[in-house]
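Trainee: Hi! Could we go through this model together, starting with its empty spaces?

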Amino acid sequence: MDKNFAARRRRDLIIAAVLAALAASAPLFVKDVYVQNILVLTLMYAALSQSWNILSGYCGQISLGHALYFGIGAYTTELLYTKFGVLPWFGMLAGGGIAAIIAMGLGYPFFRLRGHYFVIATIVIAEIGLLLFQNWEWAGAAMGITIPVRGDSWLKFQFMRSKLPYFYFALGLCCLAWFVTWWLEDSKWGFWWRAVKDNPEAAESLGVVVFNSKMGAAAVSAFLVAIGGAFYAQFLAYIDPESVMGFQFSLLMALPAVLGGIGTLWGPVLGAAILIPMTELTRSYIGGSGRGVDLIVYGALIVAISLALPQGLVSLFSRSKAKGATR
């Protein structure tokens, strides 16, 4: 059994390396700027969903307030850059650290809640954060912050002529989030989180410190999401509270994991690869009528997939393996 588990781990790592290499070569064949933009967003949301999955998928603490950490990462990076001249690279790390500290601070009271009470609490605190930033004059309030552009530069992480640098950063972030999840999955933290998700009382009786394990998952998840928020701010070169802290961001982090397979290694990646292009394409080609047809089609597809595969799209692969084993 241990040999099979180790073989699966090695296989996952090899598959990830091959997929990353294929993704890195995509710009050689994809020259259309619109398609490149979709690729950047797909990779970014794959990373965000993978990060969300650490807390909500593995640890079982369903959060619909991760837009708060996304916005903190964006605002920390851009405020440090525009107000104090701190390079975005340092701002990203600062934003990630602040988001992790806030996640643990919020976790202290919130992790005493369970089920839908915890979900509601995460939504409420994210909305409070949105309102605070909408009225915080020093941070631009509702008008937001325009990031000054001073030419293409990796040092200042600004590129106007090409989206390819953003593409490769998003790919790197996606790989980082996946690798962190892969590494944690086989660590004591991964086992603790799955035990807490399945039965907190039983886990605690076996020596698992349930509260600390939840706090660790929240910190890692918030840190990675904040890095994604900082990247998105640089990508847009403009932010306001609604554009980085709106409730839709929390949903778009959760949906790929739910669609692909919550609490699985490949679920967020697979879900994002289908969901994000579908979102952008339906908005572009049938969203111009103003009647919401794109949202109807988009929602119908999600419902159909969820009903057909309640365990997520990754269950298709487990079914095919099971059939192959019985033959």
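**Cavities, a pocket and two helices**

Trainee: Which helices each supply at least two residues of the lining of the largest cavity?

Mentor: Helix H4 (88–110) and helix H5 (116–134) each do so. Helices here are DSSP runs of H or I with at least four residues, strands are E runs of at least two, and both are numbered from the N terminus. This is a predicted model, in which local features need pLDDT of at least 70 and side-chain atom pairs pLDDT 80 or more, while totals for chains, interfaces and linings use all residues. Residues are numbered from 1 along each chain as its sequence is written, and side-chain values use heavy atoms, with hydrogens and water left out.

Trainee: And which of the helices gives the most to that lining?

Mentor: H4, with 4 residues. The lining has 14 residues, and those nearest the centre are Leu55, Ser63, Tyr69, Phe118 and Thr122. A cavity is a set of points on a 1 Å grid over the protein atoms alone where a 1.4 Å probe fits but cannot get out; a pocket is an open set with protein on both sides within 12 Å along at least five of seven lines, and lining residues have an atom within 4 Å of a point.

Trainee: What's the volume of the largest cavity?

Mentor: About 130 Å³, where volume means the space filled by probe spheres set on the points, and points are joined across faces, edges and corners. Its lining divides into 9 nonpolar, 5 polar and no charged residues. Ala, Val, Leu, Ile, Met, Phe, Trp, Tyr, Cys and Pro count as nonpolar, Asp, Glu, Lys and Arg as charged, and the others, Gly among them, as polar.

Trainee: How many cavities of 30 Å³ or more are there?

Mentor: There are 2. The second largest holds about 40 Å³, and its lining is Ile54, Tyr58, Thr181, Leu184, Glu185 and Trp193. H6 gives the most here, with 3 residues.

Trainee: OK, on to the largest pocket. How much space lies in it?

Mentor: About 1,200 Å³. There are 44 lining residues, with Trp178, Leu265, Trp266, Val269 and Val314 nearest the centre of this pocket. By class, the lining comes to 30 nonpolar, 8 polar and 6 charged residues.

Trainee: Which helix brings the largest share of the pocket lining?

Mentor: H1, with 11 residues. Among the helices that each supply at least two residues are H1 (2–25), H2 (33–58) and H6 (164–185).

Trainee: New topic: how do the axes of H11 and H12 cross?

Mentor: Helix H11 (residues 247–260) and helix H12 (residues 267–286) have axes that come within 7 Å and cross at roughly 110°. The two helices are therefore roughly perpendicular to each other.

Trainee: And which residues meet there?

Mentor: From H11 they include Leu252, Leu255 and Pro256, and from H12 they include Gly271, Ala272 and Leu275; contact means heavy atoms within 4.5 Å. The residues of this contact divide into 9 nonpolar, 3 polar and no charged.

Trainee: Last one: how far apart are the end C-alpha atoms of residues 117–133?

Mentor: They lie 25 Å apart, and that span is 100% helix and 0% strand. For residues 251–276, the end C-alpha atoms are 12 Å apart, with 77% helix and 0% strand.

Methods. Axes are lines fitted to C-alpha atoms, for helices over the stretch in contact, and angles run from 0 to 180 degrees between N-to-C directions. Angles under 35 degrees count as roughly parallel, over 145 as roughly antiparallel, 65 to 115 as roughly perpendicular and the rest as oblique.
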